[in-house]
Amino acid sequence: MTDFTFTELVNSPHADVISAALGVDAANKLSDKDLGKPLVMASSDNYVIAAVGDEIEGFGVSTEAYTVKDGMAFGSVQRNMRKRVQIATTAVVWGDLVVAAASAAIGTADAYPQVKKALGTEAGDYKWRVIRIVTGTGVVGDIVLIEKI
């Protein structure tokens, strides 16, 4: 029998990847080291790194050499499809919803985007669901595949 597993689909023609200003301001702009981190939209027509417990509105996928909005980074944000992530706190099982966990500081790379199981009302309009346990059993430090629902 042929094996089959779900994988990321970032090259799908249905991927919602948009251009955006990235970071808080010129002093706190995102770089290539911040790619993959969970992001949320902010009030200056920009995306910033999500705080612990924030719903994930997208993941950074690229940055450009030039800046916009008086020094903010410019790049792209993937707002749907699938993403490999690492469980930072609280074990998950297939079907659990996840939200952002603590990311490394701006300019410091994370090996994988950090997420945690959504508790209570943390998962609202921007839901991401665990669809595959990639490594281990879904405990802290394991890699899982999530999908925007």
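**Exercise 1.** Which strands form the closed barrel, and with what pairing?

*Solution.* The model is predicted, so local features need pLDDT of at least 70 and side-chain atom pairs count only at pLDDT 80 or more, whereas totals for chains, interfaces and linings use all residues. Residues are numbered from 1 along each chain as its sequence is written, and side-chain values use heavy atoms, with hydrogens and water left out.

Step 1. Strands are DSSP runs of E with at least two residues, numbered from the N terminus; two of them pair if DSSP finds at least two bridges between them.

Step 2. The closed barrel has 5 strands in the order E6-E8-E7-E9-E10, and its pairing is mixed.

Step 3. From one strand to the next, the twist averages 55° (axes are lines fitted to C-alpha atoms, and angles run from 0 to 180 degrees between N-to-C directions).

**Exercise 2.** Identify the bridge partners of Val98 in E8 and E9.

*Solution.* Step 1. Strand E7 (residues 97-100) is antiparallel to E8 (residues 114-117), with 3 bridges; there Val98 is partnered by Lys117.

Step 2. E7 also runs antiparallel to E9 (residues 128-133), through 2 bridges, and in E9 the partner of Val98 is Trp128.

**Exercise 3.** Describe the largest cavity.

*Solution.* Step 1. A cavity is a set of points, on a 1 Å grid over the protein atoms alone, where a 1.4 Å probe fits but cannot get out; lining residues have an atom within 4 Å of a point. A volume is the space filled by probe spheres set on the points.

Step 2. The whole structure holds 1 cavity of 30 Å³ or more, and the largest cavity contains about 40 Å³ of space.

Step 3. Its lining residues include Leu22, Asp34 and Lys37.

Methods. Helices (H or I, at least four residues) and strands (E, at least two) are DSSP runs, numbered from the N terminus. On a 1 Å grid over the protein atoms alone, a cavity is a set of points where a 1.4 Å probe fits but cannot get out, and a pocket is an open set with protein on both sides within 12 Å along at least five of seven lines; lining residues have an atom within 4 Å of a point.
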